[in-house]
Amino acid sequence: MNHTSQSVSILLPRSLREFLNETGEVTRFGIRFFKDGLLPPYEVKEFFRQCFEVGYRSLPLVGITAFIMGLVLTIQSRPTLAEFGAESWLPSMVAVTIIREMGPVITALICAGKIGSSIGAELGSMKVTEQIDAMEVSGTNPFKYLVSTRILAVTLTLPLLVVLADAIGLYGSFLAVKIKSATSFPLFWNQVFEKLTFTDILPSIIKCYFFGFAIGLIGCYKGYTARKGTESVGRAANSAVVIASLLVFILDLIAVQITDFFFEL
Amino acid sequence: MGASSENTAQKSPLPSKDKSLVEINGLRKSFGSNHVLRGFNLQLGENESIAVLGQSGSGKSILIKCIVGLVKPDNGELKVFGKNINDLNQRELDRMRMEVGFLFQSNALYDSMTVRHNLEFPLRRHHLSKTQLEIDSTVEEALDDVGLLHAIDLMPSELSGGMRKRVSLARTLITRPRVMLYDEPTTGLDPITAREINALMIKVQRKYNTSSIIISHDLASIRMTAQRIIMLIDGINYAEGNYEQLEHHSDPRVSAFFE
């Protein structure tokens, strides 16, 4: 058995071995979160502090991006729809696009950049300067206090951010529609909700929990396992963003396939 | 092999075995092919202060990290307050850690908290003080001990190296540990600040009756603070004795440290 695994490891290229090793480590880290992090005693105060840091402090960036996204999407889509005489479909088309895909994915990518890098750098810096060791020596479980609270906070606040981003994006779309036509605010919202169904909203909210979990997990893993040296702090932040962003796309692809399988989009 | 036997007769008397706060026998630790500790022994008695001296990378920091359970030894016996570290569950280990203070080389102050919150952290975590009034007075007393009461609401980034070290010492002492582990307490400090830290270490040892293990390269600091010195060379207790004994040791590998 041992001989076989050795032979396999020799046959595999080094980069693939490293990738598989890293994947295994991240999985183990995630399992530790479910095993240790979700059991009492709970770090309630730190959890709410992280929710504030992750959610409230990301709101301006997410809001501005969503507003511009709604505005630009509407302005760009109008000429094509006008060509077919389907301008009246603009609000519903933009609404479906934002709620199904653009809102969750763009918000998740912004959060991967902002929150993933900040968690990776913060925990990486704590690791390098022995703050995590100091916490452990003082009799506090640093995994529970630092990691579990952050992963849980990102997982639970990202869907809320996405809902807000969707609303702000649609408001941006309304302003773009209003520039060229005399559509009233109630009429716009009426057209938006006319085409939106349960299968548009629910799967997109559910996938946001997975996006949030991936961003929190990767940010924490990269920071918590940073090696000694200041260089590793930058590397932890950078790789947290890159891997979390990639995971968002992969999870989105899986989510679309599952949604299509169950609801026939 | 080692030169420890040469000094055994001249050493300051060791505490009796049952009074040992920390007892290490045959401790071994390797990182791959790098055998850092190859059977290290140590006994720390009450009110005793031992310095461990050795080259960089000789395993001094690993040794004290083993004592608080941050690093798991490969082999050997490691008892703290008479209990084998390997037999302790997480709760028992945390309880033991409350009685062992660890002063990190990098100070390890929590960047995101003020000095006050840094000191409050261990008290709140373990409910050592019941009311806010008790917490405030304990924090103020600890800061007063290190002469930094005026810095209570500053952030660690606003402190100088010496001040950070003193705050770190205050945070370590706030739980009233019986044993203090100092990892390079004066490294990177100017001679005057280093002397202040040394004086502070002696002061807290007398005031709170703590025993200490000091990891250091700073001979002046060791001379001032340690009653006994263990030379850690090749992963073993290569030589033991007080400062004067080791300074005039016949083995050049030992005396070279004091030149």
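This is a short talk through a predicted model of a complex, starting with chain A and ending with how far to trust the coordinates.

Okay, hi everyone. Let's start with chain A. Along the sequence it's helix after helix: the pattern reads α-α-α-α-α-α-α-α-α-α. That's 10 helices and 0 strands. If you box up the C-alpha atoms of chain A along the principal axes, you get roughly 70 × 45 × 35 Å. Chain A has 265 residues, and 43% of them count as buried.

Now, how does the chain come back on itself? Take the contacts in chain A between residues at least 6 apart in sequence: 87% of those join residues at least 24 apart.

The helix I'd like you to find is H5 of chain A, residues 90–128. Follow H5(A) along and you'll hit a bend of about 55° at Ile98(A). So, why do I say H5(A) is largely enclosed by the rest of the structure? Well, 30 of its 39 residues are buried, so the rest of the structure largely encloses it. And when you come off the end, look for Glu130(A), which follows H5(A) and has a positive phi, near 65°.

While we're on helices, a quick reminder. An α-helix has 3.6 residues a turn, so residues three or four places apart point the same way.

Over to chain B. I've picked one residue here, Ser20(B), which sits in the loop between helix H1 (4–7) and strand S1 (22–31) of chain B. Is Ser20(B) buried or exposed? It's buried: the cut-off is 20 or more other C-beta atoms within 10 Å, and Ser20(B) has 21 C-beta neighbours inside that distance, so it counts. Also have a look at Leu42(B). It's 22 residues away from Ser20(B) in sequence, and the C-alpha to C-alpha distance between the two is 9.7 Å.

Next, where the chains meet. On the chain A side, 10 residues are in contact with 14 residues of chain B. Those chain A residues split into 2 nonpolar, 5 polar and 3 charged.

Last thing, confidence. For the complex, the predictor gives an ipTM of 0.85 and a pTM of 0.86. Chain B averages a pLDDT of 87, with 92% of its residues scoring at least 70. But watch residues 1–17 of chain B, where pLDDT stays under 50. The model does have 32 contacts beyond four places in sequence for that stretch. Still, where pLDDT is low, the predicted coordinates shouldn't be read in detail.

Okay, that's me done. Thanks!

Note on methods: Residues are numbered from 1 along each chain as its sequence is written. Chains are lettered from A and ligands numbered from 1 in the order in which they are written. This is a predicted model: local features need pLDDT of at least 70, side-chain atom pairs count only at pLDDT 80 or more; totals for chains, interfaces and linings use all residues. The bend at a residue is the angle between axes fitted to the seven residues ending there and the seven starting there. Helices (H or I, at least four residues) and strands (E, at least two) are DSSP runs, numbered from the N terminus. A residue is buried if 20 or more other C-beta atoms lie within 10 Å of its own, exposed if 12 or fewer, and partly exposed in between; C-beta atoms are placed from the backbone. Two residues are in contact if their C-beta atoms, placed from the backbone, lie within 7 Å. Ala, Val, Leu, Ile, Met, Phe, Trp, Tyr, Cys and Pro count as nonpolar, Asp, Glu, Lys and Arg as charged, and the others, Gly among them, as polar. pLDDT is the predictor's confidence in each residue, from 0 to 100.
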